[in-house]
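Let us take a friendly walk through a protein model. Have the sequence and the 3D view open beside you as you read.

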Amino acid sequence: MGGDGKVFTFEQVTVHNNHKDCWLIINGKEHTVPYPKYVYDVTKFMEDHPGGDEVLLSSTGQDATDDFEDVGHSDSAREMMGEYCIGDIDASTLPPQTKYRTPKQPHHNQDKTSEFIIKILQFLVPLAILGLAFGIRMYTKST
């Protein structure tokens, strides 16, 4: 798919990040692992993009593959990508991908106190309502 065998560095691609000059890095889907990453010059497509140009601009300066895949583009959109492919990205210049790690939680349960209060209230509130109803019943009978 690459555009005439041109290879760009990540730094070269990241400077193309405005309305008049917008390049994106997106994985190809050939049957090779890892998937090759291609550079797309989407400047001419910005006005026609159904999601607007801001969507494209927000994906510059990074690997935009996840952004592209999360939207669920149609087959015709994927075919259209070939028109905008201008080359490959030099994978050695890409910043390392960071994996999301959930923050470590404290070992103690901070909500134990509130759970205990809720259990007490679940017992005392109905008991108080029952006592109030009984008191009203006794008061109305005596008058």
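Helices and strands here are DSSP runs, at least four residues long for a helix and at least two for a strand, and they are numbered from the N terminus. With that in hand, keep in mind that you are looking at a predicted model.

**The overall plan**

How many helices and strands does the protein chain hold? Its secondary structure amounts to five helices and five strands. Reading from the N terminus, you meet them in the order β-α-β-β-β-α-α-α-β-α. The chain has 143 residues, and 25% of them count as buried. If you take the contacts with a separation of 6 or more, 66% are made by residues 24 or more positions apart.

**The sheet**

In which order do the strands sit in the sheet? The five strands make an open sheet with the order β1-β5-β4-β3-β2, and the pairing is mixed. Strands β1 and β2 (17–18) are at the edges with a single partner strand each, so one side of each has no neighbour in the sheet.

You can walk across the sheet from one edge to the other. Strand β1 (residues 7–8) pairs with strand β5 (residues 85–89) in the parallel sense, over two bridges. Next, β5 is joined to strand β4 (residues 37–41) by three bridges, and these strands run antiparallel. Then β3 and β4 run antiparallel, joined by five bridges. Last, β2 and strand β3 (residues 21–27) run antiparallel and are linked by two bridges.

To find these pairings in the 3D view, look for the residues in this table, which face each other across the strands.

| Residue | Stands opposite | Strand of the second residue |
|---|---|---|
| V7 | D88 | β5 |
| Y40 | C85 | β5 |
| V39 | G87 | β5 |
| I26 | Y38 | β4 |
| N18 | D21 | β3 |

A helix also belongs in this picture: α4 (residues 75–84) packs on the sheet and touches β3, β4 and β5. The direction of α4 makes about 85 degrees with that of β5.

How well covered is β4? This strand is mostly covered, as four of its five residues are buried.

**Two cysteines and no disulfide**

How many disulfides does the structure hold? The count is zero. Two cysteines are still worth finding. C22 has a relative accessible area of 0%, so it is buried. C85, which you met in the table opposite Y40, has 10% relative accessibility and therefore also counts as buried. The cut-off behind both statements is that buried means under 20% relative accessible area.

**T93 and its surroundings**

Now move past β5. Where is T93? You will find T93 in the loop between β5 and α5 (112–142). Its side chain has two polar links to the backbone. One goes to the backbone nitrogen of F10, which the side chain of T93 reaches at 2.9 Å. The other involves the backbone oxygen of D90, which is 2.7 Å from a polar atom of the T93 side chain. Leaving aside residues up to four places away in sequence, T93 touches T9, F10 and E11.

**N27 and E69**

N27 is part of strand β3. Is N27 buried or exposed? Its relative accessibility is 15%, so N27 counts as buried. The side chain of N27 also makes a polar contact with the side chain of K37, at 2.8 Å.

Now compare the place of E69, which is in helix α3 (residues 65–71). At 27% relative accessibility, E69 counts as partly exposed, because that label covers values between the buried limit of 20% and the exposed limit of 50%. E69 and N27 are 42 residues apart along the chain, and their C-alpha atoms are separated by 9.5 Å.

**The stretch from 116 to 136**

Which residues does UniProt list for "transmembrane region"? An unreviewed UniProt entry gives residues 116–136 under that name. In the model, the chain over residues 116–136 is 100% helix and 0% strand. The C-alpha atoms at the two ends of this stretch are 30 Å apart.

Note on methods. Residues numbered from 1 in each chain as written. Predicted model: local features only at pLDDT ≥ 70, side-chain atom pairs only at ≥ 80, totals over all residues. Heavy atoms only, no water. Pairing = 2+ DSSP bridges. Polar contact = N/O pair within 3.5 Å; in protein donor to acceptor, adjacent residues only side chain to side chain. Contact = heavy atoms within 4.5 Å. Axes fitted to C-alpha atoms, helices over the stretch in contact; angles between N-to-C directions. Disulfide = S-S within 2.5 Å. Buried < 20%, exposed > 50% of the residue type's maximum accessible area, 1.4 Å probe, protein only. UniProt positions renumbered as here; feature names shortened; annotations may be inferred.
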